There are 2 protein chains.
Amino acid sequence: MADAFTAKGRATRARIVEGAALVLREQGVGFTTLDDIRGRTGTSKSQLFHYFPDGKDELLLAVAQFEADRILENQQPHLGQLDSWESWQRWRDVVVERYETQGDHCPSGALFLHVGRARPGARAIVTELMRQWQAQLARGMRALQAGGLVSADLDVERAAAALLAGLQGGVAILMSTGDSTHLKAAIDTGIEHLRASRGREGPREGEA
Amino acid sequence: MADAFTAKGRATRARIVEGAALVLREQGVGFTTLDDIRGRTGTSKSQLFHYFPDGKDELLLAVAQFEADRILENQQPHLGQLDSWESWQRWRDVVVERYETQGDHCPSGALFLHVGRARPGARAIVTELMRQWQAQLARGMRALQAGGLVSADLDVERAAAALLAGLQGGVAILMSTGDSTHLKAAIDTGIEHLRASRGREGPREGEA
DNA sequence: TGGAAAATGGACCAGCAAGTCCAGAAATTG
DNA sequence: CAATTTCTGGACTTGCTGGTCCATTTTCCA
């Protein structure tokens, strides 16, 4: 917490984390060495261990946290403003576009899929990320309910959990196969599920 | 293809692959050495390279294929017989139960999430696995359509893609956080989506 | 301004893991 | 049954990688 670093120190530390994140996204955790990171960030071995005394594990954890924060940031402001069908659509487009262009090396992949297991610290980071992500989706769904756009009977937490799972799986499949069909299908179907929940009136008008 | 192995050779090779699969599930790709595999399978270094001349990569690929085959097998006969709501429910229970008990070390995780990127060979295996999986889900949905249980208007491929994504994401989250809520929510919601598609009649009776 | 603390450079070390090699045992086959 | 091939054991090599150490420079602050 209380960092005994000077301004210069903090800058260097940040440079290391950001550079490491880049390398990790490209190469994957299993194929990245400290020397790769050293080279990319223009630092020396001693700096790495100066800022991360516990070595690689600590650095990896810092990168995981850094990436986790960025993932939600990258979806703003849309993710925080899901109160109309249009805003949901915008959010959907941002997510799809982002992951499609990032393709293989995206933050969540590197972090979530690889670091996921193993270290308990990483697990905590992922768990917290999922919790916040789902909370924001659920909040958006409640906003729709408040506007009468979605049935008040809808189990919001469950719908949000399902949508989040679909999104994650879509990204995972995109990263493994290069195909974004599943990601789009998952999100669109999830949103349609919300639309359809609204009582018994015909749930079709606005088209994807 | 044409293996120049004797019966004994084939048995040894199979022993290596199966044993390696076990170790890989437990430890993850990044933390498994050839010596671990050697120890577990009771083989020598030269045997490993005798049966997998290209070394670790080739062995890992063989394990990936082995696991991919098992994943679909494990869901049978249910996955091949999805022609009623009851059979869908049975399949759902099998999947949830299997992944819940397997927890961290499940075949698809080790294979899919870790090997996924990197080697192009692994990517092909994953792609083919996803293709087959989705095809079987789609086939089940068409069976429901044929029985009049699901609207003929349903875009079966898209619904199957979405369900598959939800399942994958649910498993990924389960493996990363230890919580199966998302997996259940994703599958159940996916099935409800099918139910709800049937015309305009009230889509609620059987509860999850 | 001068001493302490922080920051940096990079040589060095130790362990480990993939892969090589060859000798010898088991088996296949003509 | 002898020759050839396959199979197995395990010592050895080689390269890499995380981590240590200490000397040097820069920054801080009283």
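Biologist: How do the residues of the lining of the largest cavity divide into nonpolar, polar and charged?
Modeller: There are 12 nonpolar, 8 polar and no charged residues in that lining. Asp, Glu, Lys and Arg count as charged, Ala, Val, Leu, Ile, Met, Phe, Trp, Tyr, Cys and Pro as nonpolar, and the others, Gly among them, as polar. This is a predicted model, with local features needing pLDDT of at least 70 and side-chain atom pairs 80 or more, while totals for chains, interfaces and linings use all residues. Residues are numbered from 1 along each chain, chains are lettered from A and ligands numbered from 1 as written, and side-chain values use heavy atoms, without hydrogens and water.

Biologist: What volume does the largest cavity have?
Modeller: About 230 Å³. A cavity is a set of points on a 1 Å grid over the protein atoms alone where a 1.4 Å probe fits but cannot get out, and lining residues have an atom within 4 Å of a point. Grid points are joined across faces, edges and corners, and the volume is the space filled by probe spheres set on them.

Biologist: And which residues are closest to its centre?
Modeller: Ala186(A), Thr189(A), Gly190(A), Thr189(B) and Gly190(B), out of 20 lining it.

Biologist: Switching to the DNA, which element gives the most to the surface near strand D?
Modeller: Helix 3 of chain B, with 5 residues. Helices are DSSP runs (H or I, at least four residues), numbered from the N terminus, and near is having a heavy atom within 4 Å.

Biologist: How far is the Tyr51(B) side chain from a phosphate oxygen there?
Modeller: An N or O atom of the Tyr51(B) side chain is 2.7 Å from a phosphate oxygen of DNA strand D. For Lys56(A), a polar side-chain atom lies 2.6 Å from one.

Terms used. A polar contact is a pair of N or O atoms within 3.5 Å; within protein, one must be able to donate a hydrogen and the other to accept it, and residues adjacent in sequence count only if both atoms are side-chain atoms. Helices (H or I, at least four residues) and strands (E, at least two) are DSSP runs, numbered from the N terminus. On a 1 Å grid over the protein atoms alone, a cavity is a set of points where a 1.4 Å probe fits but cannot get out, and a pocket is an open set with protein on both sides within 12 Å along at least five of seven lines; lining residues have an atom within 4 Å of a point.
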